[in-house]
Amino acid sequence: MKGQLDTEIFSEVEKLIGFLKLRAVNFAVLANDDWYLTDEKGKRYSLVDRLRNRWGHFEYFCSSLDSSVPRKPRADATKHVINKMGWDPDSVVYIGASEIDAFTATNGDLLFLRATWFGEYTDYGLPFSSPLDICRFIDTFCFREHWWFMAIEDNPFRFYSLATFSTYKRAHELYSQDARNAAKFGRGHPEFWLAALVTSVYFTGLHQEMNYIAVVPGHRQGSGNNVMGDALDLFAKCFRAKYLPDLVVRHTTAQKMQYARTSRIPIDHRTQLDSIRLERLPMKSPSDPYKTPPLKPNKTVLVIDDFCTNGYSMEAVRAYIEQTGARVIMVSWLKTINSDILSLGQLPKFNPYVANTFKKAPVTKVYGYHQHATDHLASEEIDEMFRQYEDWNWPDGV
């Protein structure tokens, strides 16, 4: 295919390639058709040859040059590249800009990083307005060694959290304050917390199990989460899942947990159980509700909350969702320091789509904080990531 080189875009892409090479990140180019450039005299030049002269050798997979390379957007296209490169599929992301790129990444079950500086061709994938933004994302979130501070896998109870929450301990104070400002007021760096959450879910493979994503609503009447909603919708679309902002409805304003604790008001799971319900026909798009209830025994819902203390909110949501037969995976940004999680016991059969009042809320198991906070280096890593994030710039040598 014939084309002209946009020098401004090309200079920015060169920085991205320089960054990948500096960080020893292996990359390959996947194309359906070969590209060539023409100079002012009409002479043709291979684009790939030109790029290899500037960047050094890189692998180039092109269907029109090699019939063994499946054409995009087939799922076999990315699998072919991954197999030929000898990559671990769980450590690969897809950078592109077009609609066909979005479909290729989705079909290949890869996280799609959308380069919007090329143009707004699709609304799928996580958007990045410059190569610097993509490289900051990769450098900050994709090289981590500690994905979960707490990971409890005691089927059917499954809970994961990124790091410790504490505004009193110096080691956790800076990022904890920012997370609270982001979650409660939309200030600080909400994009940091969403990126950390999304990459932990992706690189640990939890995304492969999810059919739906839902959030725990705040203590006031209503549903959804204004801070997380847009990003979770984009993340879900990457993997043919659905974000359901109104799945969990707070029908009655609940006692705020922090106030209850400081005022010494007794609280347990019933505070949450008695104030939520599920929406039977949630919205699958802003103007299109489901015609039949989407939750079924073969489905899994990824339930996300910003903070977890004793787990009352998430456990209440899990109880309601499990009444439909669906499975639940619970994830929070941060886990309050030194607080145990109280797992809700067996409840009588109830209708999850209506308001309920529970006489009892038995605790079946206590997941001790110190026994299940298994990777304290995750909190240290989050702290280091956060301190570097705001001032990130091109490293020397790019």
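Visitor: How many aromatic pairs does the structure hold?
Guide: There are 30 aromatic pairs, and keep in mind that this is a predicted model.

Visitor: What makes Phe 165 and Phe 307 a tilted pair?
Guide: Two values settle that. Their ring centres are 4.8 Å apart, and the cut-off for a pair is within 6.5 Å. The planes stand at 50°, while stacked needs under 30 degrees and edge-to-face over 60, so "tilted" is what remains.

Visitor: Where in the chain do Phe 165 and Phe 307 sit?
Guide: Phe 165 belongs to strand β10 (residues 157-165) and Phe 307 to strand β18 (residues 300-308), which puts them 142 residues apart. Both Phe 165 and Phe 307 are buried.

Visitor: Why is the pair of Tyr 212 and Tyr 290 called edge-to-face?
Guide: The angle between their planes is 80°, and anything over 60 degrees gets that label. Their centres are 6.4 Å apart, so they pass the 6.5 Å limit for a pair.

Visitor: Why does the pair of Tyr 212 and Tyr 290 tie together separate parts of the sequence?
Guide: Tyr 212 is in strand β11 (residues 212-215), whereas Tyr 290 is in the loop between β17 (288-289) and β18, so the parts they join are 78 residues apart in sequence.

Visitor: How do you know whether Tyr 212 is buried or exposed?
Guide: Its relative accessibility is 8%. Buried means under 20%, so Tyr 212 counts as buried. Tyr 290, with a relative accessible area of 13%, is buried too.

Visitor: Which residues do ring pairs link into a cluster?
Guide: Among them are Phe 128, Phe 137, Trp 193, Trp 333 and Tyr 389, along with Phe 165 and Phe 307 from earlier.

Visitor: What makes Arg 44 count as lying over the face of Tyr 36?
Guide: Arg 44 is 3.9 Å from the ring centre, and the distance rule asks for within 6 Å. Arg 50 lies over the face of Tyr 45 in turn, at 4.3 Å from the ring centre.

Visitor: How many disulfides does the count come to?
Guide: Zero. A disulfide is a covalent bond between the sulfur atoms of two cysteines.

Visitor: Why is Cys 135 not bonded to Cys 142?
Guide: Cys 142 holds the closest cysteine sulfur to that of Cys 135, yet the gap is 11 Å, too far for a bond. The cut-off is within 2.5 Å.

Visitor: What makes Cys 135 count as buried or exposed?
Guide: At 0% relative accessibility, Cys 135 is buried. Cys 308, at 2%, counts as buried as well.

How values were computed. Residues are numbered from 1 along each chain as its sequence is written. This is a predicted model: local features need pLDDT of at least 70, side-chain atom pairs count only at pLDDT 80 or more; totals for chains, interfaces and linings use all residues. Side-chain values use heavy atoms; hydrogens and water are left out. Rings of Phe, Tyr and Trp (its six-membered ring) pair if their centres lie within 6.5 Å; planes under 30 degrees apart count as stacked, over 60 as edge-to-face and the rest as tilted. Helices (H or I, at least four residues) and strands (E, at least two) are DSSP runs, numbered from the N terminus. Buried means under 20% relative accessible area, exposed over 50%, partly exposed in between (1.4 Å probe, protein chains only). A charge sits over a ring if NZ of Lys or CZ of Arg is within 6 Å of the ring centre and within 35 degrees of the ring normal.
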